[in-house]
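Subject: Structure handover

Hello,

Here is the structure I said I would pass on. My notes on what was found follow below it.

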Amino acid sequence: MALETANYVGGLVATNPTAADPKSQGDDHLRLIKAVLLNSFSGFSGGVVCTGTDGGAADAYTVTPSSALPGYASRLSVVFSPIATNATPTPTLNVSGIGAINIKRIDGSAPVAGDLVAGSIYIAIHNGSEFRLLAPTKQYIDQLAFGTALPAQSGKKLLVTNGAVASWAADQTGNTGKFLTTDGSNPSWSYAGISTINSTITTNTTLTGTYLYVPVQMASMGQSVTLPSANTLSAGGPQYVIDNTKGGYPCGIRDNTGTLIMAVAAGGEAFVSLKDNSTAAGAWSVTGSNLEPGLITIDNTFSSTYASTVLAPFVALDSNTSIHFAALATGFAAFVVDNAGKVLTTPVTVTTVASPPYAAFKISQTQAIVFYEAGGTAYGVVLTVSGASPSLSLAVGTATNAGAELPFSQEGTSSGAPKIVQLSSSLYLSSWTNGTNTKVI
């Protein structure tokens, strides 16, 4: 008799029994087939796998096998293809009309909208209470890679994060050329560099936000912009552009405690970035054009002895020390602005004649020369700074007759570099031209 020996389906011989086998041995074949099926599907008390015609609608899928499934059994596998992509986290599957059962992801979590894609083929295994997808979906893999609560992506364009949770950004029409940024809570789109433009500031104002372009046109002297509290910001940013190119007055820049850290003269521009955020004041870097640390005078008002706080000429000896001039009732005085110590020296009278300083030039790290006119005669005088911050002092030398013409006045070439040379500790040579002749003093 042609009766094979087999324990599993793969051991069965399709050509057995042969035509010559007696009918009386048919029960041997039946017993063999039963044993093989029980071994191959060991432990199953119901259906093992089924598929059929896909139907239903989005979030309520059906499968209709050619032979109706009599009932659900634990570990039953169903092969199906959604006829529409799911739109909710509660899709169900109903086989042979037995009843709708919830479909869950491989880890038992609820699907997100778009997890079950129309036309794709899935295998779901019944675990006794729900259908569990046999393999992870694409969005499930994205979630493992980018976050812990990935919402739907249907109709959306780009995965973003707010620092804690991943999400899908909306259609990006209108964001061409922008970069994705976050404020620590919400993602947003910004142009590279500084994209937020502040309204023009004309008086004392505290800035808010980060990465701002700030045009300033102060309406009077002594006005400032105050930076946000540094310990609410990130070191390395933010960045501010303080644009005073169209302003007629200087603009101070203060930290959040009110300390003046720099000033931008009219026509200048400052670029400000945060270096240290350990305190509210922070440590800021300020670069740019027409920066005038000497405008610490904004915070210092001279007595009524001085008709005007600051006259136009000034000399910067270094990045923190400069010499400025204040008008007297007749004549003018000089004083030192110590930006490192945030103090001014006591003004020292240069001359009591009714003449403002016409020009002043740096001679060395501690000296400058100032020219003025009195009674039709030009004079030059050397100013010397001594001491260390914050206890600097200023000494005014003896005025020297510089001739009948004023050096570096409107008649000369004051727009060019000064032509001054120091011959000795008390002797200087200066030359200029009035357009016709070269003058030397």
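V78 stands opposite A124, a residue of strand 7. That pair belongs to the contact between strand 4 and strand 7 (residues 122-126), which run antiparallel and are joined by 4 bridges. Please keep in mind throughout that this is a predicted model.

On its other pairing, strand 4 (residues 77-80) runs parallel to strand 1, and 2 bridges join them. Here S77 in strand 4 is the residue opposite V49.

These strands are part of an open sheet of 8 strands with mixed pairing, and the order across the sheet is 1-4-7-8-6-5-3-2. Which strands form the edges? They are strand 1 (49-50) and strand 2 (53-57), each of which pairs on one side only. As general background, side chains in a regular strand alternate between the two faces of the sheet.

Further along that order, strand 6 (residues 100-104) and strand 8 (residues 131-133) run parallel, with 2 bridges between them. K104 has R132 in strand 8 as its bridge partner.

R132 also takes part in a salt bridge. Its partner is E130, and the closest N and O atoms are 3.1 Å apart. Are these two residues buried or exposed? E130 has 13% relative accessibility and therefore counts as buried, being under the 20% limit. R132, at 25% relative accessibility, is above that limit and so counts as partly exposed.

Other salt bridges share partners: D27, D28 and R31 are joined into one network in this way. In the bridge between R31 and D27, the closest N and O atoms are 3.2 Å apart. In the bridge between D28 and R31, the corresponding distance is 2.6 Å. R31 and D27 both lie in helix 1, 4 residues apart, which is about one turn of the helix. D28 and R31 are 3 residues apart in helix 1, so about one helical turn separates them.

How exposed are the members of this network? R31 has a relative accessible area of 48% and is therefore partly exposed. D27 is partly exposed because its relative accessible area is 35%. D28, with a relative accessible area of 26%, is partly exposed as well. A search of the whole structure finds 5 salt bridges, including those described here.

Helix 1 (residues 26-40) also contains I33. I33 has a relative accessibility of 39% and so counts as partly exposed. I33 belongs to a nonpolar patch on the surface, formed with V9, L12, L30, L37, F41 and F44. Together these residues have about 580 Å² of accessible area.

On cysteines, how many disulfides are there? The count comes to 0 disulfides. For reference, a disulfide is a covalent bond between the sulfur atoms of two cysteines. C50 has a relative accessible area of 10% and is therefore buried. C251 is buried too, because its relative accessibility is 0%.

One further item concerns strand 17 (residues 239-243), where Q239 is found. With a relative accessible area of 34%, Q239 is partly exposed. Q239 and L274 are 35 residues apart along the chain, and their C-alpha atoms are separated by 7.2 Å.

Finally, some totals for the protein chain. There are 2 helices and 33 strands in it. The chain has 441 residues, and buried residues make up 38% of them. Its exposed surface comes to about 22,300 Å², of which carbon and sulfur atoms supply 54%. Of the contacts between residues at least 6 apart in sequence, 49% join residues at least 24 apart.

Regards

Terms used: Residues numbered from 1 in each chain as written. Predicted model: local features only at pLDDT ≥ 70, side-chain atom pairs only at ≥ 80, totals over all residues. Heavy atoms only, no water. Patch = residues over 30% accessible without salt bridge, like charges linked within 9 Å, V, L, I, M, F, W, Y side chains within 5 Å. Areas by Shrake-Rupley, 256 points an atom, 1.4 Å probe, with all protein chains shown as cover. Salt bridge = Lys/Arg side-chain N within 4 Å of Asp/Glu carboxyl O. Buried < 20%, exposed > 50% of the residue type's maximum accessible area, 1.4 Å probe, protein only. Pairing = 2+ DSSP bridges. Disulfide = S-S within 2.5 Å. Contact = heavy atoms within 4.5 Å.
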